Amino acid sequence: MKTNDVEILVIGAGIVGIATAYYLAVQHKRARLLIVDEGQPMALTSAQSGENYRNWWPHPTMADFTDHSTDLMEEIARRSDNRIHMTRRGYLLVTREDKPEELLQQLFAGYGERASKLIRLHEGSAGGYLPPLSADWQAAPDGVDVLRGRDLIQKHYPYFNRDIATALHIRRAGDIGGQQLGQYMLETMRPSGVQFQQAKVVGIARADRFTVDVLADGARRTITADIIVNAAGPFAAQVAALHGERLPIVNVLQQKIAFADRHRAVDRKMPFTIDLDGQTLAWSDDEREALAAAPEFAGLLAPMPGSIHCRPDGGDHGEWIKLGWAFNAEQTTGPVREPELNPYFPEVVLRAASRLQPALAQYLGALPRDRVHYGGYYPMTQENWPLIGAAKTPGVFLATALSGYGTMGACATGDLCARAVVGAAAPTFARRLSLARYADKALMDELDATASGLL
């Protein structure tokens with residue numbers, strides 16, 4: 001195949017772009033296909049993934065979407081002898097509220113008509129709850145277990161602070177190897193003729209076909225294509241602007257840390273756990289005085305949002321853990337490939353995570369030197385739903401705006417976008433994940449009143 005003349009040009013070699021190319025090549029037998037990216041495959045945001053997945057969202061459309069993606073990931077796990085390292089200990093959402101009615105309403109709304117069959121309530125000393133002793137995704141139950149009562153939660157999760165009163169254990173959830181998933185797809189579709197070119201897209205024009213100008217190795221060259229798939233992640237809006245289209249996307253920089261838990265503060269069998277409650281960080285008097293004197297840090301003295309993440313990394317016999325906290329609300333439409341990270345983030349997220357798991361406090365001021373502090377941009381729409389399918393520009397298709405759920409949603413996004421490109425039938429929920437939803441006033445009004453699902 002001549003790489004300067006293709007049928008389909010996929011812009012973006014993150015997990016979403018790779019997945020879209022994979023389903024076009026493997027499922028729909030499209031061979032004249034080129035992926036271009038300024039960086040290497042599976043770099044940028046895909047390299048900073050939390051590598052988690054879940055099938056629950058506050059709206060049935062997103063629950064159907066992530067269920068579909070999980071189905072597709074399971075197919076790959078079976079075919080590859082679980083090369084993608086899929087595990088299933090679940091997501092554990094915890095709160096100090098005894099009766100978190102709004103959260104429970106969102107839980108039932110997300111599963112829609114299936115809620116009564118999938119949601120199990122456990123209170124007091126009632127039995128029936130199966131803790132996640134095994135990480136085997138094929139042996140895990142489906143649905144959600146709702147644990148209510150501090151004693152019950154302490155029985156199963158004694159390393160949590162005793163003030164946790166309610167826990168939602170989403171069972172069709174866990175983690176996968178994002179890099180392994182991307183590599184499997186690249187290797188599988190390579191015999192079909194799919195190629196990759198490291199190049200930066202700098203211009204897009206259309207007459208009978210698209211003429212795409214790129215910079216590769218310092219030289220400008222032109223690629224001609226019939227179809228463009230915009231899977232450029234944080235740069236999707238910039239790519240769209242090259243052909244005169246504006247996308248309703250902003251980018252939020254999110255950060256994480258990973259370090260070796262040599263003190264075994266976190267149980268290796270713990271699910272991916274999210275402390276939903278906001279908090280005011282506990283500082284000493286001297287620390288409060290120092291923070292108050294610096295305007296750029298004064299916000300750390302104010303009440304902070306919830307959703308502090310913690311999970312073991314590396315399996316039962318591993319040592320590392322990951323911590324994350326999406327407290328940064330700053331948005332940008334102009335992302336850069338190497339964002340500047342907040343040097344104080346590791347200490348801040350550790351302090352926040354120690355509220356739920358007090359044993360983590362022993363690392364305050366003593367984080368291992370080999371810790372890793374990393375971050376990436378979350379491209380997102382206001383309603384936090386992806387954009388998959390036809391763009392306004394004829395011949396352009398979108399596979400973007402997967403804010404914080406790029407790895408878990410990549411397979412479904414690739415499948416749905418590929419179906420749109422070739423004109424194949426798609427699940428009924430697919431239309432609501434495209435730009436067409438903005439013409440559906442009733443849906444948009446509904447989404448205005450629905451939680452975003454950003455955890």
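**View 1. Is Asn52 buried or exposed?** In this predicted model, Asn52 is buried, with a relative accessible area of 10%. The residue belongs to strand E3, which runs over residues 52-54. Its side chain meets that of Arg311 in a polar contact of 2.7 Å. Set aside the neighbours within four places in sequence, and Asn52 still touches Tyr91, Gly174, Asp175, Phe272, Arg311 and Met408. So if you're picking atoms to display around Asn52, that contact list names who is there.

**View 2. Cysteines without a bridge: Cys411 and Cys310.** You'll find zero disulfides in this structure. What keeps Cys411 from pairing up? Its closest cysteine sulfur is the one in Cys417, and at 14 Å that is too far for a bond; the cut-off for a disulfide is 2.5 Å. Cys411 has 0% relative accessibility, so it counts as buried. Cys310 is buried too, at 4% relative accessibility.

**View 3. Tyr157 and Phe160, a stacked ring pair.** The structure has 12 aromatic pairs, and this view shows one of them, Tyr157 with Phe160. Their ring centres are 5.4 Å apart and the planes differ by 15 degrees, which makes the pair stacked, because planes under 30 degrees apart count that way. Both partners are tucked out of reach of the probe by the usual cut-off: Tyr157 is buried with a relative accessible area of 2%, and Phe160 is buried at 3%.

**View 4. Phe259 against Tyr363, an edge-to-face pair.** Here the ring centres sit 5.0 Å apart with the planes at 65 degrees, so the pair is edge-to-face. The two residues come from distant parts of the chain, 104 residues apart. Phe259 is in strand E13 (residues 250-260), while Tyr363 is in the loop between helix H9 (345-356) and strand E18 (372-380). As for burial, Phe259 comes in at 0% relative accessibility and Tyr363 at 2%, so Phe259 counts as buried and so does Tyr363.

**View 5. More rings: a tyrosine cluster and two arginines over ring faces.** Tyr22, Tyr23 and Tyr184 are linked into a cluster by ring pairs. Elsewhere, Arg54 lies over the face of Trp57, at 4.0 Å from the ring centre. Arg206 has its charged end over the ring of Phe210, 4.7 Å from the centre.

**View 6. Helix H3 and its buried side.** Which residues of helix H3 (residues 101-111) are buried? They are Leu103, Leu104, Gln106, Leu107, Gly110 and Tyr111. Look down the axis of H3 and these buried residues fall within an arc of 155 degrees, so they line one face of the helix. Turned away from that buried side is a face carrying the exposed residues Glu102 and Gln105. The cover over the buried residues of H3 includes helices H2 (60-79) and H4 (115-118), along with strands E4 (91-95), E5 (119-123), E6 (144-148) and E7 (166-170). Just after H3 comes Gly112, with a positive phi of about 55 degrees.

Methods
Residues are numbered from 1 along each chain as its sequence is written. This is a predicted model: local features need pLDDT of at least 70, side-chain atom pairs count only at pLDDT 80 or more; totals for chains, interfaces and linings use all residues. Side-chain values use heavy atoms; hydrogens and water are left out. Buried means under 20% relative accessible area, exposed over 50%, partly exposed in between (1.4 Å probe, protein chains only). Rings of Phe, Tyr and Trp (its six-membered ring) pair if their centres lie within 6.5 Å; planes under 30 degrees apart count as stacked, over 60 as edge-to-face and the rest as tilted. Helices (H or I, at least four residues) and strands (E, at least two) are DSSP runs, numbered from the N terminus. A charge sits over a ring if NZ of Lys or CZ of Arg is within 6 Å of the ring centre and within 35 degrees of the ring normal. A polar contact is a pair of N or O atoms within 3.5 Å; within protein, one must be able to donate a hydrogen and the other to accept it, and residues adjacent in sequence count only if both atoms are side-chain atoms. Contact means heavy atoms within 4.5 Å. The arc is that of the directions from the helix axis to the C-beta atoms.
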